[in-house]
Amino acid sequence: MSADTIAPAIELKGISKAFGPVQANKDISIRVMPGTIHGIIGENGAGKSTLMSILYGFYKADKGEIFISGTKTEIPDSQAAIRAGIGMVFQHFKLVENFTVLENVVLGAEDGPLLKPSLAKARKQLVALSEEYELNVDPDALIEDIGVGMQQRVEILKALYRKADILILDEPTGVLTPSEADHLFRILRGLKDEGKTIILITHKLREIMDVTDTVSVMRRGEMTATVKTSETSPPQLAELMVGRKVLLEVDKTAAKPGANVLEVTDLKVTDAMGVQRLKGINLTVRAGEVLGIAGVAGNGQSQLLEVLGGMCTGTGSILVNGEPIDLSGKNSDARTRRKRGIAHVPEDRQREGLIMDFYAWENVAFGYQDDPAYSKGLLMDNAALRADTEAKIERFDVRPANPWLNAKNFSGGNQQKIVVAREIERNPDLLLIGQPTRGVDIGAIEFIHKQIIALRDAGKAILLVSVELDEIMSLSDRIAVMFDGQIMGERDPSTTNEKELGLLMAGVTETGAAA
Amino acid sequence: MDVMPRWADVILVPIISLLIAFAISALVILAIGQDPVAAVKIMITGALGSTYGWGYTLYYATNFIFTGLAVSIAFHAKLFNIGGEGQATLGGLGVALVCLSVDWPHWALALPAALVGGAVFGAAWAAIPAYLQAKRGSHIVITTIMFNFIGLALLNYVLTNILRPQGQMDPASARFPEGANLPTLHDILAPIGISFSKAAPANITFIIAVLACVLVWLFIWRTRVGYELRAFGHSQPGAVYAGISPVKITMIAMLISGGLAGLMATNNVMGEAERLVLNSVEGAGFIGIAVALMGRSHPFGVFLAAILFGFLYQGGAELALWASIPRELIVVIQALVILFTGALDNMVRMPIQKLFLALRRSKAEG
């Protein structure tokens with residue numbers, strides 16, 4: 001049969017959606033053929049998630065039509081989407097932590113008021129599904145006891161149990177190790193072979209190239225192209241996403257490391273719940289080098305940045321330029337850290353690094369509000385602050401170049417540029433930088449990477465935390481891998497590879513000898 | 001980009017809310033067989049038609065400015081201070097103690113001392129809930145409400161057992177000395193040739209209240225602590241990142257808030273009653289919440305909203321006096337205004353935002 005005679009599994013015609021003045025989706029049309037894996041790629045804020053939310057009934061499109069297997073379908077809510085055979089695996093799992101896998105799968109799809117028959121029936125199906133697709137899930141395990149990779153497979157099972165023929169996955173690999181991601185892709189290929197249709201939303205070019213059959217590129221709410229994956233290349237996709245040619249590799253010379261700027265010995269941090277998140281960290285960062293911390297999110301990297309940045313307390317010893325730092329929190333906080341020459345680009349810029357409802361110029365003083373340059377007697381010198389902001393906007397090419405815009409009205413990349421400009425222009429001895437390019441468009445990634453390398457070349461120490469292995473590999477002069485609150489080992493980026501780092505990230509150390 | 005121009009956000013939306021509240025009030029008045037037009041006439045002439053009316057309107061407004069500013073400051077730090085009532089009650093105690101402690105020779109000496117007394121007592125009453133919130137995480141809404149009752153009970157005890165002059169029956173303090181009596185607007189305006197009602201209680205604290213609006217504005221938007229307070233209010237993790245101590249900011253915000261509520265006592269206790277009586281605050285602490293909501297926690301908005309509520313209070317009293325409209329109905333009208341301008345703000349805001357959006361679109365396309 002030729003493609004013309006089979007109805008597409010999903011066809012969207014002329015979908016438009018606006019949120020206030022923001023046109024999130026503009027006249028989008030797309031055809032996804034059954035039994036294929038279709039990738040949707042685009043920068044953050046390009047409108048991918050909005051489009052999928054319309055398909056899943058979370059939002060109502062302003063204009064446009066949805067066809068499922070050739071039939072025009074109205075999807076007013078997610079129940080209707082499930083009835084139409086659409087299943088969705090969200091970026092943030094929607095599982096009940098203290099329920100078992102089985103209970104989570106049945107939740108919301110019970111047959112009657114009594115649970116027992118539903119659970120018995122579900123158990124049978126679950127085992128069958130689990131075997132059929134190599135999902136390896138224990139139905140009686142509690143969600144809180146299983147890893148993120150398995151939790152994700154429970155989400156997939158939930159969709160399959162609800163008879164989904166079309167599976168949408170939103171940024172599924174963000175929380176996975178490389179090997180878990182490979183496992184996921186094997187499952188997706190298996191599902192495809194069974195005739196399921198899969199839509200994979202991602203901003204990672206490599207995943208698109210690895211697993212999809214066709215790929216659609218979105219930019220600024222518009223669908224800019226749909227191409228066969230086999231007929232395209234990462235540079236071409238990147239160009240389609242950004243609208244211009246992009247340098248994917250970071251251009252840098254060898255590091256010239258100097259004296260130790262940061263020396264951390266036996267650093268331990270216990271969180272508010274009483275869980276030990278750092279279990280004795282030892283590391284050093286020298287002037288003029290980038291130490292990259294690789295690891296799957298949630299293995300203590302956040303706590304490492306927070307304790308170094310003065311946002312939480314800990315025990316052990318931290319020396320900055322040979323001088324100790326108080327870790328008890330009694331005589332020090334984020335403010336005193338800054339005075340010691342530590343700048344901090346936090347992992348979550350929207351929660352921590354910026355006040356979203358403040359103007360851009362107000363955010364430029366954030367953390368440095370007691371800088372004498374920004375004050376005039378008892379009052380703040382807002383004119384000086386605004387002048388400084390305008391200069392920073394100019395140097396860091398923040399768009400739109402308007403200091404009177406609230407932080408929330410900038411795109412992710414431009415928000416990050418504001419934070420990076422604020423921290424880097426303090427000319428710190430040590431820069432802590434977490435997830436520098438999370439949710440940042442490709443054009444801004446390139447710019448931010450250049451700034452980090454420029455600071456390194458100026459002889460400053462940089463501690464980089466990122467869950468993006470590509471970023472760690474291309475920016476770091478040394479790589480330390482964190483797992484479960486400990487450093488599993490250090491590697492040289494020029495001699496290591498993703499597989500070796502992936503094993504360390506999963507807590508496997510035996511390969512150390514082989515390296 | 002903001003959806004609406006600022007004037008629509010700050011002026012248009014409250015005015016429409018207000019008109020809806022008045023329209024429903026008119027329906028209620030009609031339903032009980034009275035004439036709403038006549039009622040409006042009575043309210044306007046009663047509250048704004050004479051310097052006597054104005055004198056009362058501004059007197060009430062002065063109370064509401066202080067309590068409204070108190071709620072606003074705390075609200076900028078995302079702390080909901082429901083305790084204005086208790087803090088103003090205790091402020092009254094502070095003012096009374098100051099006024100009774102010395103035989104003041106002149107009000108110009110008594111007023112600054114009373115301002116300090118009111119502010120310190122009000123702040124102290126806010127300090128305990130603030131400390132419990134900052135250090136123990138006890139929710140400030142709950143604790144400040146409880147402190148309203150404790151404050152009233154405390155005042156009751158102090159008045160009946162300590163401050164009540166011997167032989168006096170009612171639970172009230174002695175009269176303040178002559179030298180602690182504040183000049184009314186009549187006294188202030190007479191030298192410059194403006195005649196103002198002698199009988200109205202509006203006094204010099206109205207000017208203090210206006211000054212407080214300016215100072216609060218400066219504090220919130222022009223000082224470093226105000227910056228930190230707003231940042232803390234928007235994002236607590238952000239505040240920690242920026243080296244702003246949540247404990248310190250919670251204490252500062254609540255102390256200023258309680259202090260402002262306490263300042264109100266210079267108006268009602270020192271300026272009007274000239275002695276301390278039980279329940280002198282008369283709900284102004286709670287009206288302050290509505291005033292802050294309607295004024296969008298901006299000192300200028302608080303000023304306008306306070307004048308409006310002053311008008312409603314005075315106009316309502318006149319209505320009860322001159323029309324056969326029951327006094328309870330005045331409470332209904334005030335409640336409707338609070339409901340529409342405060343609680344149901346978004347009900348009006350959303351359609352207007354949509355309207356502006358449609359306007360902008362058609363302009364962009366046309």
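This is a short chat about strands, a sheet and a chain contact in a predicted model.

User: What kind of model is this, and how are residues numbered?
Analyst: It is a predicted model, where local features need pLDDT of at least 70, side-chain atom pairs count only at pLDDT 80 or more, and totals for chains, interfaces and linings use all residues. Residues are numbered from 1 along each chain as its sequence is written, with chains lettered from A and ligands numbered from 1 in the order in which they are written.

User: Is strand E9 of chain A buried or exposed?
Analyst: Mostly covered: 5 of its 6 residues, 214-219, are buried. Buried means 20 or more other C-beta atoms within 10 Å of the residue's own, with C-beta atoms placed from the backbone. Strands (E, at least two residues) are DSSP runs, numbered from the N terminus, as are helices (H or I, at least four).

User: Which strands does E9(A) pair with?
Analyst: E3(A) pairs with E9(A) in the parallel sense over 5 bridges. E10(A) pairs with E9(A) in the antiparallel sense over 6 bridges. Pairing needs at least two DSSP bridges between the strands.

User: What sits in the turn between E9(A) and E10(A)?
Analyst: The hairpin has 2 residues between its strands, and Arg220(A) in the turn has a positive phi of about 50°.

User: New topic. How many residues of chain A are in contact with chain B?
Analyst: 24 residues of chain A, against 19 of chain B. Contact means C-beta atoms, placed from the backbone, within 7 Å.

User: Which elements of chain A give two or more residues there?
Analyst: Helix H10, helix H11 and strand E18.

User: And the open sheet, what's the strand order?
Analyst: E16-E19-E20-E13-E21-E22 in chain A, with mixed pairing. E16 and E22 are the edge strands.

Note on methods:
Buried ≥ 20, exposed ≤ 12 C-beta atoms within 10 Å, placed from the backbone. Contact = placed C-beta atoms within 7 Å.
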